[in-house]
Amino acid sequence: MRPTTVSMFIGGAAAAMIGFVSPALAEAKTLTVYTYESFVSEWGPGPKVKEAFEKTCACTVNFVGVADGVALLTRLKLEGETSKADVVLGLDTNLVEEAKQTGLFEAHGVDASAVKVPGGFSDTVFLPYDYGHFAVIYDTETIKIPPTSLKDLVEGDPAQKIVIQDPRTSTPGLGLLLWVKSVYGDKAPEAWAKLKDRVLTVTPGWSEAYGLFTKGEAPMVLSYTTSPAYHMVAEETDRYQAAEFSEGHYIQIEVAGLLKNAPEKELARQFLAFMLQPGFQDTIPTNNWMMPVAATSEPLPEAFGKLVQPKTTFLMSPAEVAANRQVWIDEWLKAMTLK
């Protein structure tokens, strides 16, 4: 969907300590991880991941947050080989081919045999750390009969609005674009032209969209099948639910990668391997509200057993997305009259 000021007053005998740095401090390294804002928020996985990894590495983890996964790739393209990042965490399979084409990443070299995701995605450069299926989340106090298919959503009552994300800046927004394309194919522009009447607004990222939804600005929002678990576990309410679509749901598999020019390359590989351990995976279900890709130390909360379980999973190949993303975004822009 993320500062500490230390003041030192030196005087008297303490002045003799100026210039002295303890061996432990001298050896401390900083791992810089680019990610998205919701990951590093106080309620996201970031703080717990930072604490857990720092206990194993004699290092400091510096998370740098941007709005969303697409914004991560955009920033990397702008910085190029001058980027200070060691690890980029928060791209997804829809962006990995384009990310590879930048020439900024190298093979992670991590044993990924523990990874289990629907469809069995594996890659030598990008390592999965969580996944989730996209879904329309609706407010049961406002919508009594939710859409049961993408067709229902597209052709439904325009008075019942939905908030979606921009595919140019947001991975969920891109996910919806590919979901519509997977179901409608060449008829996708016509589907968008119908759906636009139900769209209250298009936000740059997931956080803005979900915030509008929970404030009651719209009764539906594009999110994940796992989102209701947050409300059930953290707020003890089943008010917000995911609509199960008969055609199936598009999956997002989130990944992390190692920068070729990473200042702390071995530390970065250590972090990537740590991602598949319980110290990291335990934070995913109830902090990132996604599904873990490897074993957790305890079973998932009961709420996860009540979630929509898609019968069909859509996932385009990274190469197909890379080859068509801009054309399909242009179709979307024209249909939504956002140019």
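**Close-up 1. Cys 59 and its disulfide partner in this predicted model.** We start with Cys 59, which counts as buried because its relative accessibility is 8%, under the 20% cut-off. A disulfide ties Cys 59 to Cys 57, with the two sulfur atoms 1.9 Å apart. Cys 57 is buried too, at 13% relative accessibility. The torsion about the S-S bond is -80 degrees, making this a left-handed link. If you go looking through the rest of the model, the count to keep in mind is one disulfide for the structure.

**Close-up 2. Helix H3 against helix H11.** Stay with Cys 57 for a moment, since this residue of H3 also takes part in the contact with H11. H3 covers residues 46-57 and H11 covers residues 265-274; their axes come within 11 Å and cross at roughly 125 degrees. That angle makes the pair oblique, and the crossing is right-handed. On the H3 side you'll find Val 49, Ala 52, Phe 53, Thr 56 and Cys 57, while H11 brings in Leu 267, Gln 270, Phe 271 and Phe 274. Sorted by class, that's seven nonpolar residues, two polar and no charged ones.

**Close-up 3. Lys 181, a buried lysine in helix H7.** Lys 181 sits in H7, which runs over residues 171-184. Buried or exposed? With a relative accessible area of 10%, Lys 181 is buried. Setting aside residues up to four places away in sequence, Lys 181 touches Ala 188, Met 316, Trp 328 and Glu 331. Two of these names, Trp 328 and Glu 331, come back in the next view as part of H14.

**Close-up 4. Helix H7 across helix H14.** Here the axes lie 11 Å apart and the packing angle is about 90 degrees, so H7 and H14 are roughly perpendicular. H7 offers Leu 174, Leu 177, Leu 178 and Lys 181. Facing them from H14 are Val 321, Arg 325, Trp 328, Ile 329, Glu 331 and Trp 332. The tally for this contact is seven nonpolar residues, no polar and three charged.

**Close-up 5. Helix H8 on helix H14.** H14 (residues 318-336) also meets H8 (residues 188-195), with axes that come within 8 Å and cross at roughly 40 degrees. That puts the two helices oblique to each other, and H8 passes H14 in a right-handed crossing. From H8, the residues to look for are Pro 189, Trp 192 and Ala 193; from H14, they are Glu 331, Trp 332, Ala 335 and Met 336. By class, the mix is six nonpolar residues, no polar and one charged. Glu 331 and Trp 332 of H14 are in this contact, and both also appear in the contact with H7.

**Close-up 6. Helix H10 and the loop after it.** In H10, the buried residues are Ser 227, Pro 228, Ala 229, His 231 and Met 232. What do they pack against? Their partners are strand E5 (126-139), helix H9 (206-214), strand E8 (220-224) and strand E9. Just after H10 comes Glu 236, with a positive phi of about 55 degrees. Glu 236 lies in the loop that links H10 (227-234) to E9 (240-243), and is exposed, at 73% relative accessible area.

**Close-up 7. Trp 289, a positive phi in a buried residue.** Trp 289 isn't a glycine, but its phi is positive, at about 55 degrees. Where is this residue? Trp 289 is in the loop between helix H13 (283-288) and strand E11. Trp 289 is buried, with a relative accessible area of 12%.

**Close-up 8. Ala 294 and its partners from elsewhere in the chain.** Ala 294 belongs to the loop between strand E11 (291-292) and strand E12 (313-314). At 11% relative accessible area, Ala 294 is buried. Leave out its neighbours within four places in sequence, and its contacts are Ala 114, Leu 276 and Gln 281. Lys 116 is worth picking out as well: it is 178 residues away along the chain, but its C-alpha atom is 6.3 Å from that of Ala 294.

Methods:
Residues are numbered from 1 along each chain as its sequence is written. This is a predicted model: local features need pLDDT of at least 70, side-chain atom pairs count only at pLDDT 80 or more; totals for chains, interfaces and linings use all residues. Side-chain values use heavy atoms; hydrogens and water are left out. Helices (H or I, at least four residues) and strands (E, at least two) are DSSP runs, numbered from the N terminus. Buried means under 20% relative accessible area, exposed over 50%, partly exposed in between (1.4 Å probe, protein chains only). Contact means heavy atoms within 4.5 Å. Axes are lines fitted to C-alpha atoms, for helices over the stretch in contact, and angles run from 0 to 180 degrees between N-to-C directions. Angles under 35 degrees count as roughly parallel, over 145 as roughly antiparallel, 65 to 115 as roughly perpendicular and the rest as oblique. A crossing is left-handed if the near helix is turned anticlockwise from the far one by less than a right angle, and right-handed if clockwise. Ala, Val, Leu, Ile, Met, Phe, Trp, Tyr, Cys and Pro count as nonpolar, Asp, Glu, Lys and Arg as charged, and the others, Gly among them, as polar. A disulfide is a pair of cysteine sulfur atoms within 2.5 Å.
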